[in-house]
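Q: Please take a close look at the interface between the two chains in this model, starting from the salt bridge that crosses it, and then set that contact against the other salt bridges and the sheet that lies behind it.

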Amino acid sequence: MFFLSNPLFFFSVALCDAPQAWQFGFQDPASPIAQGIQDLHNDICFFMIVVLVFVVWMLLRTLWHFHWTKNPVPSKIIHGTFLEIVWTITPSFILMIIAVPSFALLYSMDEIVDPSLTLKVIGHQWYWTYEYSDYSLSDDGSIVFDSYMIPEDDLELGQLRLLEVDNRVVLPVHTHIRIIITAADVLHSWAVPALGVKCDAVPGRLNQTSVFLKREGVFYGQCSEICGANHGFMPIVVEGVQLDDYLHWVSNKLEDI
Amino acid sequence: MSDADAREVVIEEEPVVEAAPEAAAVELKTTPFDARFPQTNQAKHCYTRYNEFHKCQAENGEGAEECEPLGKFYRAICPQEWVEKWNEQREEGTWAGRY
């Protein structure tokens with residue numbers, strides 16, 4: 001009965017998992033981390049607006065009350081110990097309040113919850129290679145494929161320009177997934193906004209991050225570290241599917257090896 | 001429903017029963033979290049798992065059954081390119097590790 005508790009079930013809502021023209025906000029979160037990042041952003045925006053209103057109010061008040069027509073003799077006060085203590089303590093107190101949820105989120109992003117599968121992502125100039133090696137009994141029995149962008153001329157109606165790839169990464173929903181990210185030549189960065197993942201791919205380093213998909217969908221991302229001439233043409237597409245479908249996809253892929 | 005009909009239904013269901021173990025053969029299991037390697041950089045984790053597998057093989061003989069899980073562990077987190085390079089070094093005798 002999970003679907004009944006989901007408010008989206010009652011409305012036909014198309015969730016936004018790809019960038020849109022003139023977009024200002026976030027894409028719809030598809031993982032708890034992405035949800036956490038967006039919630040933290042919104043919470044911090046509350047403090048930002050309070051501070052902004054206060055500072056603007058002070059500035060306008062000063063301009064109004066100390067205009068030369070009303071206040072011909074300039075004030076000669078150059079020190080105010082109490083005032084200085086207040087305007088030092090208050091901002092640091094606000095920063096400390098913001099730091100609490102910020103650090104909680106930061107450390108929860110590093111947390112690896114007993115993963116059920118590992119995806120290896122390898123950045124190349126200029127495409128991504130994906131490896132699934134959980135099911136192989138020999139060194140050359142892994143599921144390995146390259147993921148290239150579909151050029152503009154080959155796009156079909158409804159496909160997204162500069163975002164579509166020939167081979168998508170297929171991942172199951174409601175499963176703890178470990179992602180190992182590295183590069184074979186220069187720096188790259190594997191980023192999928194809807195999943196709240198952005199991790200640098202560094203040659204010689206195996207960066208680990210984790211992801212937990214809350215729902216099915218096709219999530220789009222792009223290389224996020226300048227990596228050469230075709231940096232803008234190596235997008236990322238993650239397809240979140242039900243666990244059974246994922247297992248079928250894996251067994252089909254294993255048969256092809 | 002007659003007995004003959006019931007038998008027919010059972011026969012129809014058979015292929016589904018056969019397909020199920022095939023799908024279940026893909027086990028959802030990977031290298032577990034290792035408290036020795038809590039860092040973001042898992043390069044050392046991969047290198048250690050690779051060495052542990054070859055240590056096991058050196059002690060129990062090539063293709064020993066108890067080494068199979070260790071083999072799966074390093075394969076799951078090591079990039080194929082790294083493993084190929086290390087295997088090559090082992091064949092050439094230029095491998096820096098003990099095993």
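**The salt bridge between the chains**

A: In this predicted model, the side chains of A:D139 and B:R75 come together in a salt bridge, with N and O 3.0 Å apart. The pair crosses from one chain to the other, since A:D139 sits in the loop between β2 (127–132) and β3 (143–147) of chain A, while B:R75 belongs to helix α3 (residues 68–77) of chain B. The two partners differ in exposure: A:D139 has a relative accessible area of 24% and is partly exposed, whereas B:R75, at 8% relative accessibility, falls under the 20% limit and therefore counts as buried.

Across the interface of chain A and chain B, 1 salt bridge is found by the rule, and polar contacts between these chains, with both residues at pLDDT 80 or more, come to 18 residue pairs. The elements of chain A that give two or more residues to the side touching chain B are β1 (117–124), β5 (176–183), β8 (207–212) and α4. Of these, α4(A) gives the most, with 8 residues. Taken as a whole, the contact involves 37 residues of chain A and 29 residues of chain B. The area buried between the chains is about 2700 Å², and carbon and sulfur atoms give 55% of that area. On the side of chain A, the residues that lose the most area to chain B are A:D139, A:L206 and A:Q208, which together account for 24% of what that side buries; A:D139 is thus named here as well as in the salt bridge with B:R75.

Helix α4 (residues 243–256) of chain A also leads back to a sheet, for it lies across β4 and β10 of chain A and runs at about 135° to β4(A). That sheet is open and has 5 strands in the order β4-β10-β9-β6-β7 (chain A), with mixed pairing. Because β4 and β7 (197–201) of chain A stand at the edges with a single partner strand each, one side of each is left without a neighbour in the sheet. From one strand to the next, the twist averages 25°. Within the sheet, strand β6 (residues 188–192) and strand β9 (residues 217–223) of chain A pair in the antiparallel sense over 2 bridges, and A:A191 has A:Q222 in β9(A) as its bridge partner.

Strand β10 (residues 236–241) of chain A carries a charged contact of its own, in which the side chains of A:E239 and A:R168 meet in a salt bridge at 3.4 Å, N to O. This pair links distant parts of the chain, 71 residues apart, with A:R168 in the loop between β3 and β4 (169–172) of chain A. Both partners count as partly exposed, A:E239 at 25% relative accessibility and A:R168 at 28%.

In chain B, B:E59 forms a salt bridge with B:K55, where the closest N and O atoms are 3.2 Å apart. These residues are 4 apart in helix α2 (residues 43–60) of chain B, which means that about one helical turn separates them. B:E59 counts as exposed at 52% relative accessibility, while B:K55, at 34%, counts as partly exposed. Also in chain B, salt bridges that share partners join B:D34, B:R36, B:R49 and B:E52 into one network. Over all chains, the count comes to 10 salt bridges.

How values were computed. Residues are numbered from 1 along each chain as its sequence is written. Chains are lettered from A and ligands numbered from 1 in the order in which they are written. This is a predicted model: local features need pLDDT of at least 70, side-chain atom pairs count only at pLDDT 80 or more; totals for chains, interfaces and linings use all residues. Side-chain values use heavy atoms; hydrogens and water are left out. A salt bridge is a side-chain nitrogen of Lys or Arg within 4 Å of a carboxyl oxygen of Asp or Glu. Buried means under 20% relative accessible area, exposed over 50%, partly exposed in between (1.4 Å probe, protein chains only). Two strands pair if DSSP finds at least two bridges between them. Axes are lines fitted to C-alpha atoms, for helices over the stretch in contact, and angles run from 0 to 180 degrees between N-to-C directions. Contact means heavy atoms within 4.5 Å. Buried area is the accessible area (1.4 Å probe) that two parts lose on being put together, summed over both. A polar contact is a pair of N or O atoms within 3.5 Å; within protein, one must be able to donate a hydrogen and the other to accept it, and residues adjacent in sequence count only if both atoms are side-chain atoms.
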